[in-house]
Amino acid sequence: MTDWGLVAIRFALYADLMLLVGLAAFPLYSLTQAERDDHAILPLGGRLAWLAVAALPLSAAGFAVSSAAMMGVPVSALDFPMLVSMAGDTEQGAAFLVRMAALVATLAALVLLRPSQTPRYVVAMVGGSIMLATLLWSGHAAATEGALGTIHRISDIAHMIAAALWIGGIAAFWMLLARPVQGEAHVTLAARSLANFARVGTVAVAIIVLTGLFNGYAILGADITTLFQSTYGLLLAAKLLLFAAMLSPAANNRWRLTPALERAAASGDSEGAWTRLRISVALEAAAGAAVLALVAWLGTLAPAN
């Protein structure tokens, strides 16, 4: 039976950490140093700190719920010695401790590193990536043994960090588009940022596809018919369809709407292009949220083989 509480916690924690990574990375490749330090352009500093704060209770709740599931007891039956035993004697516990250490270090850096925003973005991106990695180190990839298991884990981590760059970039760009057009400079900055994001997103999608193929092979084998023989396989197939659906607005943004916005910025008539781009980014974000929900669900299921 599906533990919907665990699925919900996993979804919230994945979304939180992926946004932390992707939002922190976005200004590093899309904005200049001066633009990063201008809080009026993209006010991310406080948001990154709150994402890190939110990850603390989410991570603790996820550890408690998954520990209870492993022990075969309700969460209410857990006591402190049980949690200490899980933290000290299991891979999941070791990953939890590393994640909490990375969270505390990231929060401290976000508070102390001022006034320049660039070091704070770098720390949030690196710290968030470490936290994401700890979520995957004891997941399905851990069932693969030997050297292939290590490669599988690295591939799984690369898959998730690439996805975080894409989804976080979508969120950051939505923040730029959410405000009404504020003059030609605003439109020009948004168009340049989207062009930069499109290049990074193209690399991220390539990594997602390659690592996804490897991870699927490592878990299910070469026989594609196994996709339709379990709940896990059916959900994985649904995830692939939704991922494909994300590529349509992404390609539309990259090849049609961004050039249209650049032309509109030059002509001074950008309202229509701005609205179309905002709608397309919203559709891409909705598909991304649905994919993430399936990822959270898949992590609680055992593959057919």
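# Reading burial, cores and helix packing

Tutor: Let's start with Ala260, which counts as buried because its relative accessibility is 19% and the cut-off for buried is under 20%. Keep in mind as we go that this is a predicted model.

Student: Thanks! Where is Ala260 found?

Tutor: Ala260 is in helix 9. Its C-alpha atom is separated by 9.7 Å from that of Gly272, with the two residues 12 apart along the chain.

Student: For contrast, is Pro115 buried or exposed?

Tutor: Pro115 is exposed, since its relative accessible area is 72% and exposed means over 50%. You will find Pro115 in the loop between helix 5 and helix 6. Try comparing sequence and space here: Pro115 and Leu78 are 37 residues apart in sequence, while their C-alpha atoms are 43 Å apart.

Student: How should I read a nonpolar core? Which residues of the largest one touch the most other members?

Tutor: The general idea is that nonpolar side chains tend to be buried together in soluble globular proteins. In this model the largest nonpolar core has 66 residues, and those touching the most other members are Tyr14, Met18, Leu42, Leu48, Leu132, Trp166 and Phe173. Several helices each supply at least two residues of this core, including helix 1 (4-30), helix 3 (45-71), helix 8 (184-220) and helix 10 (271-298).

Student: Which helix gives the most to this core?

Tutor: That is helix 7, with 13 residues. Another core, of 8 residues, lies apart from this one, and among its members are Ile219, Leu220, Leu236 and Leu294.

Student: Could we zoom in on Leu48? What does Leu48 touch, not counting residues up to four places away in sequence?

Tutor: With those residues set aside, Leu48 touches Leu20, Leu23, Ala24, Leu110, Tyr121 and Ala124.

Student: Now aromatic rings. How many aromatic pairs does a search of the whole structure find?

Tutor: The search finds 5. In one of them, the ring centres of Phe63 and Phe96 are 4.3 Å apart and the planes are at 5°, so this pair is stacked. It connects distant parts of the chain, as Phe63 belongs to helix 3 and Phe96 to helix 5, 33 residues apart. Phe63 is buried at a relative accessible area of 6%, and Phe96 counts as buried too, at 12%. Elsewhere, ring pairs join Phe26, Tyr29 and Phe197 into a cluster.

Student: Tyr29 caught my eye. Which residues is Asn196 in contact with, leaving aside its neighbours within four places in sequence?

Tutor: Asn196 is in contact with Tyr29 and Ser30. Asn196 sits in helix 8 and is buried, with a relative accessible area of 15%.

Student: How do I describe two packed helices, and at what angle do helix 3 and helix 4 pack?

Tutor: Two packed helices are described by the angle between their axes and the distance between the axes. Helix 3 and helix 4 (residues 80-89) pack at about 90°, with their axes 11 Å apart. This makes helix 3 roughly perpendicular to helix 4. On the helix 3 side, Phe63, Ala64, Ser67, Met70 and Met71 meet Met82, Leu83, Met86 and Ala87 of helix 4.

Student: One last feature: how far apart are the end C-alpha atoms of helix 8, and what span should its residues give?

Tutor: Helix 8 has 37 residues, which should span 54 Å at 1.5 Å a residue, and its end C-alpha atoms lie 51 Å apart, which agrees. Helix 3, with 27 residues, reaches 40 Å from its first C-alpha to its last, close to the expected 39 Å. Look just past the ends as well: Gly221 follows helix 8 with a positive phi near 85°, and Gly72 follows helix 3 with a positive phi near 75°.

Definitions and conventions: Residues numbered from 1 in each chain as written. Predicted model: local features only at pLDDT ≥ 70, side-chain atom pairs only at ≥ 80, totals over all residues. Heavy atoms only, no water. Core = buried A, V, L, I, M, F, W, Y, C linked by side-chain atoms within 4.5 Å. Buried < 20%, exposed > 50% of the residue type's maximum accessible area, 1.4 Å probe, protein only. Helix = DSSP H or I, 4+ residues; strand = E, 2+ residues; numbered from the N terminus. Contact = heavy atoms within 4.5 Å. Expected span 1.5 Å × (residues − 1). Phe/Tyr/Trp six-rings, centres within 6.5 Å; stacked < 30°, edge-to-face > 60°. Axes fitted to C-alpha atoms, helices over the stretch in contact; angles between N-to-C directions. Parallel < 35°, antiparallel > 145°, perpendicular 65-115°, else oblique.
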